[in-house]
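Student: I've got a new model open and would like to practise reading it. Can you walk me through the features, starting with empty space?

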Amino acid sequence: MAHRIVVLGGGTGGTLMANRLRRSFDPAEAKIAVVDKDDVHVYQPGLLFVPFGLAHAEDIVRSRQRQLRAGIDFHLSDVDQVSLADERVVLTDGTVLPYDVLIVATGVCLQPEETEGMTGPGWRERIFTFYDLDGASALHEALERFDGGRLVVNFVDLPIKCPVAPLEFSFLADWYFQERGIREQVELSFVTPLDGAFTKPVASGRLGSLLAEKGIELVTEFNTGEVDGAGGRLVSYDEREVPFDLLVTVPLHGGQEYVGRSEGLGDDLGFVPTNPHTLQSLATPNVFALGDATNVPTSKAGSVTHFEGEVLTKNVKRFLAGRELDASYDGHANCFIETGFSKALLIDFNYETEPLPGRFPTGAGPMPLLKESRLNHLGKLMFQWMYWHMLLPGRDIPGVAPTMQMSGKQRVAEPA
Ligand SMILES: Cc1cc2nc3c(=O)[nH]c(=O)nc-3n(C[C@H](O)[C@H](O)[C@H](O)COP(=O)(O)OP(=O)(O)OC[C@H]3O[C@@H](n4cnc5c(N)ncnc54)[C@H](O)[C@@H]3O)c2cc1C
């Protein structure tokens, strides 16, 4: 009998896994089903550009179903719950999907209502997020109307998707207001719960210097407890205040609600406890997870999801053949960081090694690490083509291995 593989989520991870598995298994060997609640696949890195008019909503959206190879069943429905004991998924449209292998790729849920006041007075008037399509489009209109004052960029707490995106937004805002000739009328602040611009010391030092060079104020260790939209204030738990005229916020992230309804599948935040090297869930051997839905200690990023997909494809095959799993996933992540004026930085790291300066993909590679360059910016732009034509179809990226390479990286003393 054919193996029954069910993939929850038809975003980055679900799509690339289903396509990779469809290529790996003959149709007689495995039936593959993907479930998603909508048919709107957003290229999420493109959300950064929408507020600045550098991309339009229709440029970054495609049908989910059309990204799936022939021979994959697509179910357009919310997941109601997973029964690990019965090895089946129940959808809200009443469909029941029994599985031999389940892959969880349902990403994260934005939770603006978890922060006091965030969705109260001023929400979508002077308080915006660019982390979803509607928010990014509404922010575009607000930025066009904004002709001076205090613009504050804040993320409430980690984990968030693409933790560098709020920094990129700040750098692009500096560029945008310069282009409009009103930079001197705008005060820009980057307000973070971290003790520096980024989580890891070397990158934090470099990105902090870049904020300073661009005249963007850095406010650290600010744990947002309340957003006062009417008064235009961010208030921290230790009662510090940051005033704003326009707030660009990244709300708290949690797992999807159905994870909480599925006994044994998730942790308290709704993320799926997952072996960080094999991507097998800790709940039960025939459940695996990838992408933002897991609790593995690396960035929540599309690059991570792609690298995980290479290892996970092998592991689904190995699991079904009764063989030992491949434990080679090392937390590899890389990300372009747009800095404005047609330049970007690039970072490349894993569980053990923080982002370091050097060259990418190897010592002789053309792209500088942790340093602004035009080539990195072109790489960021080209990534959208690669996303639709290489990542989602489940192809490897030539010259970029799923595990991080030390070749090309320079060890440096960490800032004191
Ligand atoms: C503004 C922004 C900028 C970013 N920039 C970058 C970048 O430059 N580089 C990078 O590598 N990454 C970037 N990312 C992160 C990247 O987009 C995500 O990490 C990646 O998409 C994760 O893939 P995923 O499959 O885990 O989740 P997703 O792609 O979000 O897919 C999850 C899917 O699950 C579905 N789903 C959820 N709940 C249910 C349910 N109950 N029933 C049915 N379906 C459900 C959703 O509809 C969705 O299709 C960025 C993200 C944002 C928001």
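Tutor: Sure. Keep in mind that this is a predicted model. Take the largest cavity to begin with: its lining has nine nonpolar, three polar and no charged residues.

Student: How do you find such a space to begin with?

Tutor: The general idea is simple: rolling a probe the size of a water molecule over the atoms shows where empty space is left. Here, searching the whole structure turns up four cavities of 30 Å³ or more.

Student: What volume does the largest cavity have, and which residues line it?

Tutor: Its volume is about 70 Å³. The lining is made up of Cys-162, Pro-163, Val-164, Phe-198, Ser-299, Ala-301, Ser-303, Ala-333, Asn-334, Cys-335, Ile-347 and Phe-349. Two elements, β21 (333-340) and β22 (343-349), give two or more residues to that lining. β21 gives the most, with three residues.

Student: And pockets? What is the volume of the second largest pocket?

Tutor: About 290 Å³. It is lined by 17 residues, and the closest to its centre are Pro-159, Pro-297, Thr-298, Ser-299 and Lys-300. Sort the lining of this pocket by class and you get nine nonpolar, five polar and three charged residues. Look at Ser-299 again: it is among the residues lining the largest cavity, too.

Student: Let's move to the surface. Which residues form a nonpolar patch there?

Tutor: Look for Leu-375, Leu-378 and Leu-381, which together have about 270 Å² of accessible area. Leu-378 sits in helix α7, which covers residues 374-391.

Student: What about charged contacts? How many salt bridges does a search of the whole structure find?

Tutor: It finds 15. A good one to display is Arg-150 with Glu-217, whose side chains meet at 3.7 Å, N to O. This pair links distant parts of the chain, 67 residues apart: Arg-150 belongs to strand β12 (residues 149-155) and Glu-217 to strand β14 (residues 217-219).

Student: Now zoom out. How many helices and strands are in the protein chain?

Tutor: Seven helices and 24 strands. As for extent, the C-alpha atoms fill a box of roughly 70 × 50 × 40 Å along the principal axes.

Student: How does the radius of gyration of the protein chain sit with that of a compact globule?

Tutor: They agree, because a compact globule with 416 residues would have a radius of gyration near 22 Å, and the protein chain has 21 Å.

Methods
Residues numbered from 1 in each chain as written. Predicted model: local features only at pLDDT ≥ 70, side-chain atom pairs only at ≥ 80, totals over all residues. Heavy atoms only, no water. 1 Å grid on protein atoms, 1.4 Å probe; cavity = no way out; pocket = protein on both sides within 12 Å on 5 of 7 lines; lining within 4 Å. Points joined across faces, edges and corners; volume = space filled by probe spheres on them. Helix = DSSP H or I, 4+ residues; strand = E, 2+ residues; numbered from the N terminus. Nonpolar A, V, L, I, M, F, W, Y, C, P; charged D, E, K, R; others polar. Patch = residues over 30% accessible without salt bridge, like charges linked within 9 Å, V, L, I, M, F, W, Y side chains within 5 Å. Areas by Shrake-Rupley, 256 points an atom, 1.4 Å probe, with all protein chains shown as cover. Salt bridge = Lys/Arg side-chain N within 4 Å of Asp/Glu carboxyl O. Rg over C-alpha atoms; globule rule 2.2 N^0.38 Å.
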